[in-house]
Amino acid sequence: MSHLNLSKKLAVVTGATRGIGYAIASRLLEEGAHVIGTGTRPEGSIPTGCEFRCVDFSDLDHASIFAKELSEIEPDILINNAGINKIDSFEKINPEDFDFIQRINVRAPFLLCRSVLPGMKRKKWGRIVTISSIFGHISKEFRASYSASKFAVDGMTAALSAEVAGDGILANCVAPGFINTELTRSILGKEGIADLVSRIPAGRLGKAEEVAALVAWLVGPENTYISGQNIIIDGGFSRV
Ligand code: NAP
């Protein structure tokens, strides 16, 4: 049910074809925003009513062309959600894979944030949310590339907030725990998920819609003072 009234807002959600990004795009549409969602496949399945752009953030040219478009259309809301994970023991991490993950998880949010700032400054209003992870607060074995990327967006967001909060632009990260999406299912498998659920105080995986509700609140009119944060949503997992 709509209560945030984002009807005059233009929002961009990266990685809107599946999982958390799909849920965020759907929620922002429900709240009345005009939403542009990205995916990597031309036939990308995004929520009905969402405008689609095919962008592969591992491709530097693709990413720059999309960033240029954003600087021209001046979105009010930017959600940097697209992200990937690849687990490997530290000594086996291939430097190309490390770079690949940073290009999608860090470089793309950097480029897009930079491209939307002039428009947001001109309007004296903007909301940026980058989807981090609990592995951007804590970490565990085999997550070096992923954690490097998620700690990086936290630091980037803190610095960005310091520069632009005075211009009416609030920038935050949202750090989900274990959310029931393709990414989680493929990385953990059924047994891994069962073991994990027994260690989550809430007793279940999170839902993409629960992350979307937090993001929608952060970019909506009720958030006027939260900026520079990396807010955990994990059913209590990281506190036990
Ligand atoms: P997902 O289901 O795997 O969906 C990933 C999205 O990112 C898809 O829309 C995908 O587009 C897009 N994407 C993948 N590679 C891309 C590339 N090279 N260029 C542009 N877009 C690309 O992932 P998710 O679980 O919803 O995760 C979304 C975000 O939340 C990520 O940043 C992830 O790190 C973070 N997160 C997730 C969890 C979790 O438990 N699921 C926990 C913490 C943080 P295509 O469909 O075209 O491939």
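In the predicted model, helices α1 and α6 are oblique to each other. Their axes come within 8 Å and cross at roughly 50 degrees, a value that falls in neither the range under 35 degrees nor the range of 65 to 115 degrees, and the pair is therefore classed as oblique. The crossing of α1 past α6 is right-handed. On the side of α1, the contact is formed by Gly19, Ile20, Ala23, Ile24, Arg27 and Leu28. On the side of α6, Ala208, Glu209, Val211, Ala212, Ala213, Val215, Ala216 and Val219 take part. Sorted by class, the residues of this contact comprise 11 nonpolar, one polar and two charged.

Both helices also contribute to the largest nonpolar core, which has 27 residues. Within this core, the residues with the most contacts are Val13, Ile24, Leu28, Val35, Ile79, Val129 and Val215. Two or more residues are supplied by each of β1 (10-13), α1 (19-30), β4 (77-80), β5 (126-131) and α6 (208-219). Of these elements, α6 provides the largest share, with seven residues. The surroundings of Ile24 can be described in detail. When its neighbours within four places in sequence are left aside, Ile24 is in contact with Val13, Ile79, Asn81, Ile131, Ala212 and Val215. Apart from the largest core lies another, of 26 residues, which includes Ala63, Ala67, Ile128 and Met156.

Helix α2 (residues 60-73) and helix α3 (residues 95-123) form a second helix pair, with axes that come within 8 Å and cross at roughly 25 degrees. This angle makes α2 roughly parallel to α3, because angles under 35 degrees are counted in that class. The passage of α2 across α3 is a right-handed crossing. From α2, the residues that meet α3 are Leu60, Ala63, Ser64, Phe66, Ala67, Leu70 and Ser71. Their partners in α3 are Arg103, Arg107, Leu111, Leu112, Ser115 and Val116. The contact of α2 with α3 contains eight nonpolar, three polar and two charged residues. Ala63 and Ala67 of this contact are also among the members of the 26-residue core.

Helix α3 has a further partner in helix α4 (residues 144-164); here the axes come within 9 Å and cross at roughly 15 degrees. On the basis of this angle, α3 is roughly parallel to α4. As α3 passes α4, the crossing is right-handed. The α3 side of the contact consists of Phe98, Ile101, Gln102, Asn105, Val106, Pro109, Phe110, Cys113, Leu117 and Lys121. These residues meet Ser145, Tyr146, Ala148, Ser149, Lys150, Ala152, Val153, Met156, Leu160 and Val164 in α4. By class, the contact of α3 with α4 is made up of 14 nonpolar, four polar and two charged residues. Met156, which takes part in this contact, is likewise one of the residues of the 26-residue core.

Individual residues were also examined. Thr181 lies in the loop between β6 (169-176) and α5 (182-197). With a relative accessible area of 9%, Thr181 is buried, because values under 20% meet that description. Leaving aside neighbours within four places in sequence, Thr181 is in contact with Gly19 and Ile20, two residues that belong to the α1 side of the contact with α6. The C-alpha atoms of Thr181 and Gly206 are 9.2 Å apart, although 25 residues separate the two along the chain. Glu72, by contrast, is located in helix α2 and is exposed, with a relative accessible area of 53%. Between Glu72 and Pro118, which are 46 residues apart in sequence, the C-alpha to C-alpha distance is 9.7 Å.

Backbone geometry was considered last. Most residues other than glycine have a negative phi. Asn5, a residue other than glycine, has a positive phi near 50 degrees. Asn5 is placed in the segment before β1 and is exposed, with a relative accessible area of 56%. Glu74 is likewise not a glycine and has a positive phi of about 50 degrees. The position of Glu74 is in the loop between α2 and β4.

Conventions
Residues numbered from 1 in each chain as written. Predicted model: local features only at pLDDT ≥ 70, side-chain atom pairs only at ≥ 80, totals over all residues. Heavy atoms only, no water. Axes fitted to C-alpha atoms, helices over the stretch in contact; angles between N-to-C directions. Helix = DSSP H or I, 4+ residues; strand = E, 2+ residues; numbered from the N terminus. Parallel < 35°, antiparallel > 145°, perpendicular 65-115°, else oblique. Left-handed = near helix turned anticlockwise from the far one by under 90°. Contact = heavy atoms within 4.5 Å. Nonpolar A, V, L, I, M, F, W, Y, C, P; charged D, E, K, R; others polar. Core = buried A, V, L, I, M, F, W, Y, C linked by side-chain atoms within 4.5 Å. Buried < 20%, exposed > 50% of the residue type's maximum accessible area, 1.4 Å probe, protein only.
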